[in-house]
Amino acid sequence: MTLLRHVLTALVAGVVLFLLATRLSAYRDYQMAEIAAYVVAVAGLTVLIGISGQISIGQGAFMAVGAYATALILQHQAAWPIWLVLIVATLATALAGAIVGIAAARLRGPYLAGVTLMLAVALPSVAEAYQSVLGGDQGLPVAATVPGFLGVSFPLTRWQAWLGIAAALVVLVLLANLMRSGIGRNWRAIRDDEVAASLAGLNVARLKVLAFIVSAACAGLGGALFGVVTTIASPGAFTLTLSIGLLTAAVIGGLGSLAGAIWGSLLLVLVPSYLSNVASSHGLSSAASSSVPIAAYGLVLIAVMLAFPGGIQGALRRLLGPTAPAATTPLSALRRHASASDHKEESKT
Amino acid sequence: MADGAALVTDGIVAGYGHVLVLDGVSISAMPGTITAVLGANGAGKTTLLRTISGVIRPRSGRILLDGDSLVRRAPEDVARAGVAHVPEGQGVIIELTVEENLRLGLLLRTARDRAAALADAYRRFPVLADRRRRLAGTLSGGERQILVIARALLTAPRALLLDEPSLGLAPKIVSQVMELIRQLRDDSGLTVLLVEQNARSALAIADQGVVLNQGKVVAEAEAGALAADVGLRRHYLGF
Amino acid sequence: MQEFLEFTLGGIATGMIYAAIALSLVLVWRGTRVLNYSQGAMAMFTTYVAWIVISHTHNYWLGFVLALLAGLVLGAVLEQSVVRPTFGKPPLNSVIVTIGLLIFLEGLAGIIYGGQFKSFPAAFSIAGLSIGSVDLGITPADIFTAIAVLAAAAALALLFRFTAVGLRLRASAFNANVARLLGVRVGRMLTLGWALAGLLGALAGLLVTPSTFLYPNSMDAIFVLGFTAAVIGGLESPVGAVVGGLMLGVVLSYVGGYIGSDVVELAGLAALVIVLMVRPSGLFSSAAVRRV
């Protein structure tokens with residue numbers, strides 16, 4: 001009855017958060033919506049890396065696909081209800097994810113990281129190359145408005161927050177169930193030992209592609225939400241920094257942990273502006289202070305990797321003991337690729 | 001030619017992670033002798049050599065080379081102190097040529113000695129001279145074993161640790177290798193610690209033998225005496 | 001025909017930069033089994049060092065040399081502090097750590113120097129060369145680039161083949177455990193490998209920044225293409241890195257020239273994906289590929 005438990009938790013959380021959104025200021029609602037968008041993207045990424053063992057530094061690029069798809073759909077089908085727009089945008093991104101995933105299925109860690117890195121770096125130039133359709137540097141507007149049934153004076157930001165919360169909860173429930181399902185088990189198997197898994201009869205390539213599709217779909221939805229919230233889809237919003245920020249959020253939260261995805265996204269939205277402000281108040285120019293969060297991401301990634309391979313969730317687990325929710329993957333459980341001749345320490349006597 | 005050193009371990013407790021493999025192992029190898037370390041698979045023989053050469057850090061116990069403590073030193077420092085460890089599986093670096101493998105052994109010598117030592121090695125092991133430019137990966141099992149022993153000798157060691165040199169070799173080659181080891185002791189007075197599954201061949205050339213079982217020393221005697229103890233042989237050594 | 005010549009020579013010049021980055025990646029990969037995602041960012045950072053020195057002393061070559069030294073030091077320091085702890089751990093750790101380094105260095109550069117594009121001088125004239133009335137499409141600076149990279153590559157090759165240090169480096173890379181048993185200080189070799197890679201990267205940064213301008217992200221695209229070149233050549237092969245770099249440079253030059261400069265990055269991505277799908281071990285590696 002895990003499904004039931006997940007749905008109930010989501011419903012309760014949904015009610016609480018919806019109420020919260022009605023109490024908060026417009027700016028905070030905007031932030032809630034932003035956080036929700038990131039939660040969706042980070043959740044997909046953390047499942048990809050922590051559960052299926054594949055790395056992607058291009059999650060931001062997939063978010064861009066979702067955002068642009070949303071913008072284009074609304075351009076041509078302004079009358080579509082928002083949930084339909086979001087679903088189509090998600091599907092479009094899932095398709096992109098399938099393409100990348102198929103190409104990537106044969107790649108191992110460092111190579112896969114490199115390809116996805118290239119995606120993230122090359123993305124802005126795609127928008128610029130297809131100026132007429134994609135709006136070039138300026139991007140495309142995302143014209144999503146509050147649906148009629150909510151009333152004429154319903155605040156835009158509250159609607160955006162509700163939309164984000166609803167979407168995030170749906171995604172979290174789906175991912176949670178997926179992780180506990182047979183597919184999730186198979187993903188963990190290929191993560192831990194691809195060779196053994198394929199010998200046991202698992203279709204490794206198909207599972208890997210599936211994981212990529214799921215992760216890309218999440219990014220697409222996250223990007224679509226992001227587009228709705230910021231009302232624009234532009235290359236400047238989906239830089240390499242974003243992709244790395246998403247990775248940082250997943251790592252901080254603990255790879256493979258959905259709860260960690262929430263932590264990480266909270267930090268991702270709330271901390272950078274705080275850091276920038278602190279930096280400006282200490283006299284740094286605005287250009288320099290906006291670089292502070294970027295440097296911080298880097299430090300955090302390094303520090304967490306070296307000190308806490310299990311991320312926040314892992315640290316919590318250690319502090320609270322076995323009672324803490326345990327969905328994290330300690331990195332040591334991830335398959336060791338180390339070349340055999342170098343690390344024979346642990347072999348037989 | 002290096003004179004062999006006395007190699008002594010005292011109460012070694014060592015293992016991997018939570019698994020204890022050696023539980024208080026004390027052996028002493030006299031200078032210029034061959035000590036065979038025998039026992040079934042899993043008895044701890046390889047672990048013992050790895051602990052001596054520094055690959056594994058013991059939980060407690062002492063390791064002394066002519067009275068100098070080797071414990072807590074990194075493998076490269078133990079090697080520099082004069083302990084040459086030829087690991088299980090030989091440890092040929094297949095991506096390098098035969099000559100490059102040998103030169104690796106020479107690195108611990110002064111530049112002046114290197115040319116002479118290398119020439120000496122080729123004289124002693126003509127099979128290596130013939131194949132000096134070939135990639136070490138192309139050598140046969142027996143040739144590789146000779147290569148790694150030659151390489152170890154080039155470091156001018158005071159003690160030589162050999163881990164299962166006969167593994168995977170045809171019987172004829174095994175006796176050639178064993179003969180080589182015997183000569184090393186006879187000609188250079190090298191102290192040799194010889195871990196072997198093939199107890200019969202090992203005892204044939206050894207001066208004394210130590211039998212390990214489940215991480216403890218269960219027998220320690222002069223080689224001939226061990227070989228003659230039928231009960232012991234059958235129980236621990238399989239012949 | 002003139003266009004073809006220009007594109008080809010220009011492609012070789014840029015290809016040399018990719019080759020330098022690819023070489024440093026191969027160096028680090030072979031020596032430490034780590035793919036250094038921050039190689040480009042390191043190069044950007046050392047180029048800033050050169051920029052500071054040149055701004056204050058107006059002496060280009062002093063800046064040049066100090067940047068190279070900074071590359072050596074930066075590589076050594078990073079290896080010892082941040083990369084060494086990932087030794088023996090799952091490869092994901094080193095990927096994330098070097099990504100972290102990448103972004104940290106970019107952020108740090110932004111904090112210290114701000115984000116504006118700064119112009120950076122070239123070693124030699126950037127006026128186009130011509131033979132008679134034929135515009136060659138390359139400049140003295142380009143020729144210097146080619147010579148510098150080739151010289152560095154040759155020096156590395158000599159170091160590896162003929163010196164004791166080179167032997168130790170190779171042994172440490174091929175089989176660290178056996179190397180240790182033979183007295184090789186493997187740790188120092190790891191540091192040295194990173195230091196040399198840092199030097200190469202610094203060189204690449206100095207050579208390419210005049211055309212990209214200097215800003216925190218200036219080496220991102222170059223790095224990614226250098227990575228592609230390394231993959232094309234096969235991560236194990238220094239020769240492959242250089243050839244891969246040249247091939248990529250030339251092909252992308254044709255793409256940029258004949259099709260359009262906005263498609264170049266996409267073409268690079270396509271090249272990477274194609275090579276990884278068709279021949280993942282690279283075009284130049286021998287059959288004995290280490291399973292990653």
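**Three chains, one predicted model**

Modeller: Across chain A the mean pLDDT is 82, with 88% of its residues at 70 or more. Please keep in mind that this is a predicted model.

Biologist: Which elements of chain A have the lowest and the highest mean pLDDT?

Modeller: The lowest mean belongs to helix α14 (residues 311-320) of chain A, at 57, and the highest to helix α10 (residues 204-230) of chain A, at 93. For residues 322-349 of chain A the pLDDT is below 50, although this stretch has 64 contacts in the model beyond near neighbours in sequence.

Biologist: What makes up the secondary structure of chain A, and how much of the chain counts as buried?

Modeller: Chain A has 14 helices and 2 strands. Of its 349 residues, 56% count as buried; the cut-off for that label is 20 or more other C-beta atoms within 10 Å. Looking at contacts in chain A between residues at least 6 apart in sequence, 79% link residues at least 24 apart.

Biologist: And what does chain B contain?

Modeller: Chain B has 10 helices and 10 strands, and 49% of its 239 residues count as buried. Among its contacts with a separation of 6 or more, 69% are between residues 24 or more positions apart.

Biologist: How do you know whether chain B agrees with a compact globule or not?

Modeller: Set the two values side by side: a compact globule of 239 residues would have a radius of gyration near 18 Å, and chain B has 17 Å, so the two agree. Along the principal axes, the C-alpha atoms of chain B fill a box of roughly 45 × 40 × 30 Å.

Biologist: What makes β2 (19-29) and β5 of chain B edge strands?

Modeller: Each of them pairs on one side only. They belong to an open sheet of 4 strands in chain B, ordered β2-β1-β4-β5 with antiparallel pairing. Strand β1 (residues 7-16) of chain B meets β2(B) through 8 bridges, and Gly15(B) stands opposite Leu20(B) in β2(B). Two bridges would be enough for strands to count as paired.

Biologist: Why is Leu64(B), in strand β4 of chain B, called partly exposed?

Modeller: Leu64(B) has 16 C-beta neighbours inside 10 Å. Buried needs 20 or more and exposed needs 12 or fewer, so a count in between is partly exposed. Setting aside residues up to four places away in sequence, Leu64(B) touches Val8(B) and Ser69(B).

Biologist: Which label does Asp66(B) get, and why?

Modeller: Asp66(B) is partly exposed, because its count is 16 C-beta neighbours inside 10 Å. Asp66(B) lies in the loop between β4 (60-65) and β5 (68-69) of chain B. Its phi is near 50 degrees, a positive value in a residue that is not glycine.

Biologist: What about His58(C): buried or exposed?

Modeller: His58(C) is exposed, because only 10 C-beta neighbours lie inside 10 Å and 12 or fewer earns that label. His58(C) sits in the loop between α2 (39-57) and α3 (60-83) of chain C, and has a positive phi of about 55 degrees without being a glycine.

Biologist: Back in chain B, which way do the residues of strand β6 (residues 83-86) point?

Modeller: Val83(B) and His85(B) point one way, Ala84(B) and Val86(B) the other, and all are buried. Strand β6(B) pairs in the parallel sense with strand β7 (residues 159-163) of chain B over 4 bridges, and Leu162(B) is the bridge partner of Val86(B).

Biologist: Which residues touch the most other members of the largest nonpolar core?

Modeller: That core has 305 residues, and those touching the most other members include Ala36(A), Leu194(B) and Ala20(C). Beyond four places in sequence, Ala20(C) is in contact with Val149(C), Ala152(C), Leu200(C), Leu203(C) and Ala204(C). As background, nonpolar side chains tend to be buried together in soluble globular proteins.

Biologist: Finally, how many residues do chains C and A give to their contact?

Modeller: Chain C gives 45 residues and chain A gives 53. Elements giving two or more residues on the chain C side include α4 (91-113) and α11 (264-278) of chain C. The largest share of that side, 16 residues, comes from α4(C). By type, the chain C side has 30 nonpolar, 9 polar and 6 charged residues.

Technical notes
Residues numbered from 1 in each chain as written. Chains lettered and ligands numbered in written order. Predicted model: local features only at pLDDT ≥ 70, side-chain atom pairs only at ≥ 80, totals over all residues. Contact = placed C-beta atoms within 7 Å. Nonpolar A, V, L, I, M, F, W, Y, C, P; charged D, E, K, R; others polar. Core = buried A, V, L, I, M, F, W, Y, C linked by C-beta atoms within 7 Å. Rg over C-alpha atoms; globule rule 2.2 N^0.38 Å. pLDDT = per-residue confidence, 0-100.
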